[in-house]
Amino acid sequence: MSDIDTGYLCLMTRPSEPLFYPKYNSEVFMDLPVHYLPDRYQPIAESIKDRLGSVAKHHIVIEPVKVPDLSYATSIPQQGDFNLFSPAHRRAAGQLVADLIAQPDPKTMLSVAAYARDRLNPTMFQYALTIALMHRQDTRTVPIPSFLEMFPTRFVDSSILPQLRQEGFIAEQKERIAVDIPHNFTAAEGEPEQRLAYFREDIGLNLHHWHWHLVYPQEAPLEVVNKDRRGELFYYMHRQVVARYNVERFCHFLPATAPLKNLREPIPEAYFPKILNSALNRTYPGRATNQVMSHVNRPGDDAVATILELETSLGRIKEAIHSKFALSADGQRIPLDEHTGIDLLGNIVENSILSVNLQHYGNYHSLLHSMIGFIHDPDNLYLESHGVLGDFPTAMRDPVFYRLHSQVDDIFEQHKQKLAPYNDNELVFPGVAITNVSVQITSGKAAKNRLLTFWQRSQVDLGAGLDFGPQGNVIATFTHIQHAPFAYQILVYNETNQEKKGTVRIFLAPIDGVDGEQFLLAQQRRYMIELDKFVVKLHPGENRVIRKSDNSSVTIPYERTFGRVDVSSMQGAERFQFCKCGWPDHMLLPKGSPEGRKFDLFVMVSDYEQDKVETGVLDDGKCNDSHSYCGLQDQMYPDRRAMGFPFDRLPAPNDHMIRDFSSRFSNMNRTVVELVFTNTVIART
């Protein structure tokens, strides 16, 4: 690995530790110009180099360059909190991304980043550097650690940190044992929401949310933000999150989460996180039962608003949906049609720089996050920071996240319900018939259409994030939900005498809710979980399509979610940060129940000629395996259909149940599968 790549890794290792402090078992020393050091250390620069540099085997010399004016970024205190739901913080981070990308080559950018690192807020710096590395053509192969590796306290119970440090300092590398992260989550068993803690507190789930927003930042140079169907991806990824969460609730005999329809009502859900905000070295504040939003008045956090402002923004967004057009900043009427309407709405609701009229439609989604995030101290009287809902890496831990996004999804649903149901020509694939569908666990002699979930104990290396901590690997063990690997078998008959190409679309949906009443399709479609989507060639006659669950277009494997990247493991450096975006594989399936919970498994083969988009990279074998929620880097979304097709719109009037819908088209099939949860813990091998 080149010195430049190693230098970038040092920038991203132990982010609150000075850059000149030796990295990677004290083997690498960043040799900085004296004026690059923080003011405190410049008078003793020579002593630092003699003492710390002498023990390092490898020196990386940083050449001084002309550094852009970074005063805009110092408005965020170095030891303060960085909040991406704050427009001012987003603007500062976006400008830093622009300044880094503007450097003529990776070496110059490394020098600028080396100067900035120990002067700026660590979280903002790492966020901006990661985006810059991802989006420069000449830094795409730089391996980037995950946010878990850089800031582990935002993902694990901080009570284990002393144990990790003790184990790392006392035991030699080969003698170290893993430290266990307790599986007790954040509340007692008497709290009903605790039943879903395994979902909300999952490390991989929260990493997914952070990585998605890294790939799709709201503010940065236009070429970074303006990705194909970005607004629609915001809608669809979060719709799938809400659907998955509600299905998990059904598995625990809880009703679907209630949308935040009235912002003036008390919020009954309390939440007290047990994690540390590493920027402040304090735990995230909790939220008591029945707290009420009214306003937020925190100019220092760029969070000043009232409930009325949120209601006004929401009213204008709904007016656009009702009238089927949005108003641009110059007064033009932009149609919210069936092709681009959802994309326009996604950018308006999330309020990225792609919003057609930010002044008019406002800052709805981010401001709602901030207002609830500061509900415990809206006027900053007690100098408390935001709760977990005000931070991308932690927001999904809070039960109110799902209420908030249920309400946001209801906004998008109003638009979708104004679109006509798909007609037969849009759904049919002439000459193609699915004659049978089944799933089966791939190990042992398992019964067909019965899938298994269980607990699994896995390990993660947290050593790279322990500032001034022990060198080398420091391992923690955690417990998470997992499913037994399985495979789909789909029998497809091509009645023509020509080879055809189709897109296989696989969805899973609960058959009924907690009341035992079977869902009508108009209801069930909101709980459709996309499991996979892939292209298949169909030769004339019968085709037997086998697809393994670990090839899902939705998920990324465990190793890419949790695997540590450092100077000793540079194989596969092409796996850049974009590839970390994706739903964690261990959460592909709902938990099910010990008695076995039944689900509809729906499979459709659509006509690839109506689906295809010329991306040019679908078979590159690198970064296309989680495109359903994350798209493809620098390419068009690889499916011309609406995300969630064919369930993104209301069904035709006669399609009361999913069996009515699937039986009308030969290119669709439905079967019932059972998900059985076994309350056992199996170690990852």
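## Questions on salt bridges, packing and backbone

Q: In this predicted model, how far apart are N and O where the side chains of Arg597 and Asp512 meet in a salt bridge?
A: Arg597 and Asp512 meet through their side chains in a salt bridge, 3.2 Å from N to O. The two partners come from distant parts of the chain, Arg597 from strand β19 (residues 597–607) and Asp512 from the loop between β14 and α18 (521–524), 85 residues apart. A salt bridge calls for a distance within 4 Å, and the value here is 3.2 Å.

Q: Is Asp512 buried, partly exposed or exposed?
A: Its partner Arg597 is buried, with a relative accessible area of 11%. Buried means under 20% and exposed means over 50%. Asp512 has 24% relative accessibility, so this residue counts as partly exposed.

Q: How many residues apart in sequence are the parts tied together by Asp639 and Arg505?
A: The side chains of Asp639 and Arg505 form a salt bridge, 2.7 Å from N to O. Asp639 sits in the loop between α21 (627–630) and α22 (658–663), while Arg505 belongs to strand β14 (residues 500–510), so the parts they tie together are apart in sequence by 134 residues.

Q: Are Asp639 and Arg505 buried or exposed?
A: Both residues take part in the salt bridge of 2.7 Å, N to O. On the accessibility scale, buried means under 20% relative accessible area. Asp639 and Arg505 are each buried.

Q: Which residue forms a salt bridge with Arg547?
A: The closest N and O atoms of this salt bridge are 2.7 Å apart. Arg547 lies in strand β16 (residues 541–548) and its partner in strand β15 (residues 529–538), so the pair ties together parts 15 residues apart in sequence. Arg547 is buried at 17% relative accessible area, and the partner counts as buried at 1%. That partner is Asp532.

Q: How many salt bridges does the structure hold?
A: The pairs discussed above include Arg597 with Asp512 and Arg547 with Asp532. The number of salt bridges in the structure is 36.

Q: Which two residues does the disulfide join?
A: The structure holds one disulfide. The S to S distance is 2.1 Å. One partner lies in the loop between α19 (558–562) and β18 (583–584), the other in helix α21, 49 residues away. Both are buried, and they are Cys581 and Cys630.

Q: Is the link of Cys581 and Cys630 left-handed or right-handed?
A: The handedness is read from the angle about the S-S bond, which is -80°. The link of Cys581 and Cys630 is left-handed.

Q: Are α4 and α5 roughly parallel or roughly antiparallel to each other?
A: The axes of helix α4 (residues 106–117) and helix α5 (residues 122–135) come within 11 Å and cross at roughly 170°. Angles over 145 degrees count as roughly antiparallel. The two helices α4 and α5 are therefore roughly antiparallel.

Q: How many nonpolar residues are in the contact of α4 with α5?
A: From α4, Met109, Ala113, Ala116 and Arg117 meet Phe125, Gln126, Leu129, Ala132 and Leu133 of α5. By class, one residue in this contact is polar, one is charged, and the number of nonpolar residues is seven.

Q: How many residues of helix α13 are buried?
A: Helix α13 spans residues 341–350 and is largely enclosed by the rest of the structure. Among its buried residues are Ile342, Leu344, Leu345, Ile348 and Val349, together with Asp343 and Glu350. The count of buried residues in α13 is 10 of the 10.

Q: What is the phi of Asn351, just after α13?
A: Most residues other than glycine have a negative phi. Asn351 lies in the loop between α13 and α14 (358–361), and is buried with a relative accessible area of 3%. Its phi is positive, at about 60°.

Q: Is Phe253 buried or exposed?
A: Phe253 is located in the loop between α11 (230–251) and β4 (276–277). Although not a glycine, Phe253 has a positive phi of about 60°. With a relative accessible area of 58%, Phe253 is exposed.

Q: What separation do the C-alpha atoms of Arg287 and Ile375 have?
A: Arg287 is in the loop between β5 (282–283) and β6 (295–298), and counts as buried at 4% relative accessibility. Residues touched by Arg287 include Glu269, Tyr271, Phe272, Ile375 and Asp398. Arg287 and Ile375 are 88 residues apart along the chain, and their C-alpha separation is 7.5 Å.

Terms used. Residues are numbered from 1 along each chain as its sequence is written. This is a predicted model: local features need pLDDT of at least 70, side-chain atom pairs count only at pLDDT 80 or more; totals for chains, interfaces and linings use all residues. Side-chain values use heavy atoms; hydrogens and water are left out. Helices (H or I, at least four residues) and strands (E, at least two) are DSSP runs, numbered from the N terminus. Buried means under 20% relative accessible area, exposed over 50%, partly exposed in between (1.4 Å probe, protein chains only). A disulfide is a pair of cysteine sulfur atoms within 2.5 Å. Axes are lines fitted to C-alpha atoms, for helices over the stretch in contact, and angles run from 0 to 180 degrees between N-to-C directions. Angles under 35 degrees count as roughly parallel, over 145 as roughly antiparallel, 65 to 115 as roughly perpendicular and the rest as oblique. Contact means heavy atoms within 4.5 Å. Ala, Val, Leu, Ile, Met, Phe, Trp, Tyr, Cys and Pro count as nonpolar, Asp, Glu, Lys and Arg as charged, and the others, Gly among them, as polar. Lists of a residue's contacts leave out its neighbours within four places in sequence.
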